[in-house]
Amino acid sequence: MAVTVHHVCSHLSSFHPVRTRLTTRPVSRKFGANSVRCDGSIETQRVTVKNGNDSLDICRVLNGMWQTSGGWGRIDRNDAVEAMLRYADAGLSTFDMADHYGPAEDLYGIFINRVRRERPPEFLDKVRGLTKWVPPPVKMTSKFVGESINVSRKRMDVAALDMLQFHWWDYSNPGYLDALKHLTDLKEEGKIKTVALTNFDTERLQIILENEIPVVSNQVQHSIVDMRPQQKMAELCQLTGVKLITYGTVMGGLLSEKFLDTNIAIPFSAPPLNTPSLQKYKRMVDAWGGWSLFQTLLRTLKTVATKHGVSIPTVAVKYILDQPAVAGSMVGVRLGLSEHINDSNAVFSLVLDEDDVNSIQEVLKKGKDLLRVIGDCGDEYRRA
């Protein structure tokens, strides 16, 4: 790994900002044993992320559980678990959560026990629970890291976490390397299957790989509006094999028919921005180009969606899944309140042709470069 990363670093010239390379034809890529086809054929539903001997196969459309943490409506425990079973039964069997997403890990623990009791072993083999650890800025001792991970293992009722995605707030504190080394030790002990990152920038990912920490993926914000990961991060990922798992891909629901032909400047003329995700991604729209340009994008996406008989969110997810280095994309689930199983599964049979891609890119050219406005992946969480 050290030799490979050194070669990569010299190739990327210390990661000076590069221009977005928008291609007119999707790229064909391979991940482990599974081929992810973006060349005009129907792609597989699952993908393997790997680094060295560590690997994990996941569904390419992940169920995001941030929505269980409050702010999206009251979650009933039983209804939520039943909804998780319906998603898994439909093949959407990878769930993404975090230690701070309210009851998310506890819900997964109840769900996985239902699966063990009520589904065959081969079904259980396809279920994945990905969680995140967002520690406070304290000294990262082996004892502290181990005890923290044990909390998630207990809540999720698993002997080994399928994937632990690590977040760090302050890069000026190099303790993140200590934490990752302890997480790697826990992986060797069989308590974690794969170690990954969330919201790390390109520079820090480079440093982590130079320290021979075998991360398999980095979860970052990535949507048609926010193409920052394709400007720096994806290049390093392609050269090292680290994959991207994306969130914010449908922008909390902004990328949908619900907000098409609306004017939020006029009271009551648009759906309310009444969830944390809608409010968050509305700020991204403002930074990118404003509501008028966003409406142009929605109309373009609607034309593509109508042509293929799918929805705007389906097009939005597929566009990002076709980007270099992207292994999977998150779609948030409001468990027991609403469902989008059909839209998510439609992603796997959708093929965007050259005309579709070109029409979308024509709109994107009119937006601002968010890498210059905000910074690299995760910088939105670290700006003063």
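1. Contacts along the chain. Among contacts between residues at least 6 apart in sequence, 78% join residues at least 24 apart in the protein chain. The model is a predicted one. One example of two residues distant in sequence is the pair Gly241 and Gly52, which are 189 residues apart in sequence and 9.5 Å apart in space, C-alpha to C-alpha.

2. Overall make-up. The protein chain contains 14 helices and 12 strands. Of its 384 residues, 58% are buried. The points below go through a helix, the nonpolar core, some aromatic residues, several strands and a few loop residues.

3. Helix α10. This helix covers residues 291-308, which is 18 residues. From its first C-alpha to its last it reaches 25 Å, close to the 26 Å expected at 1.5 Å a residue. An α-helix has 3.6 residues a turn, so residues three or four places apart point the same way. The buried residues in α10 are Trp291, Leu293, Phe294, Gln295, Leu297, Leu298, Thr300, Leu301, Val304 and Ala305. What do these buried residues of α10 pack against? Their partners are α9 (276-288), α11 (312-321) and α13 (354-364). Just after α10 comes Gly309, with a positive phi of about 70 degrees.

4. The largest nonpolar core. This core has 119 residues. The members that touch the most other members are Tyr108, Phe111, Phe166, Leu183, Phe294 and Leu297. Helix α10 gives the most to this core, with 8 residues. Phe294 and Leu297 also appear in the list of buried residues of α10.

5. Surroundings of Phe166. Which residues are in contact with Phe166, leaving aside its neighbours within four places in sequence? They are Trp133, Pro135, Tyr176, Ala179, Leu180, Leu183, Ala196, Leu197, Thr198 and Phe200. Phe166 also belongs to an aromatic cluster, together with Trp133, Phe144, Trp168, Tyr171, Tyr176 and Phe200. Trp133, Tyr176 and Phe200 are therefore worth finding in the structure when looking at either list. 

6. Aromatic pairs and charges over rings. The structure holds 13 aromatic pairs. Tyr171, a member of the cluster named above, has the charged end of Arg204 over its ring, 4.0 Å from the centre. Elsewhere, Arg119 lies over the face of Phe123, at 5.8 Å from the ring centre.

7. The β3 and β4 hairpin. Strand β3 (residues 46-51) pairs with β4 in the antiparallel sense, over 6 bridges. Asn51 stands opposite Asp54 in β4. There are 2 residues between the two strands of this hairpin, and Gly52 in the turn has a positive phi of about 65 degrees. Why is β4 (residues 54-59) described as largely enclosed by the rest of the structure? It is because 5 of its 6 residues are buried.

8. Strand β5 and its partners. In β5 (residues 61-64), both faces are covered. Val61 and Asn63 lie on one side, Leu62 and Gly64 on the other, and all are buried. On pairing, β5 runs parallel to strand β12 (residues 326-332), with 4 bridges. Leu62 stands opposite Met330 in β12. Strand β6 (residues 94-96) is also parallel to β5, and 2 bridges join them. The bridge partner of Gly64 in β6 is Asp96.

9. Gly241. This residue is in the loop between α8 (233-240) and β11 (243-247). Its relative accessible area is 22%, so Gly241 counts as partly exposed. Leaving aside its neighbours within four places in sequence, Gly241 is in contact with Lys50 and Val216.

10. Positive phi outside glycine. Asn199 has a phi near 60 degrees, a positive value in a residue other than glycine. Its place is in the loop between β9 (195-198) and α7 (202-210). Phe268 is not a glycine either, and has a positive phi of about 65 degrees. Phe268 lies in the loop between β11 and α9. Are these loop residues buried or exposed? Asn199 is buried, at 7% relative accessibility, whereas Phe268 is exposed, with a relative accessible area of 87%.

Notes:
Residues numbered from 1 in each chain as written. Predicted model: local features only at pLDDT ≥ 70, side-chain atom pairs only at ≥ 80, totals over all residues. Heavy atoms only, no water. Expected span 1.5 Å × (residues − 1). Buried < 20%, exposed > 50% of the residue type's maximum accessible area, 1.4 Å probe, protein only. Contact = heavy atoms within 4.5 Å. Core = buried A, V, L, I, M, F, W, Y, C linked by side-chain atoms within 4.5 Å. Pairing = 2+ DSSP bridges. Phe/Tyr/Trp six-rings, centres within 6.5 Å; stacked < 30°, edge-to-face > 60°. Lys NZ or Arg CZ within 6 Å of the ring centre and 35° of its normal.
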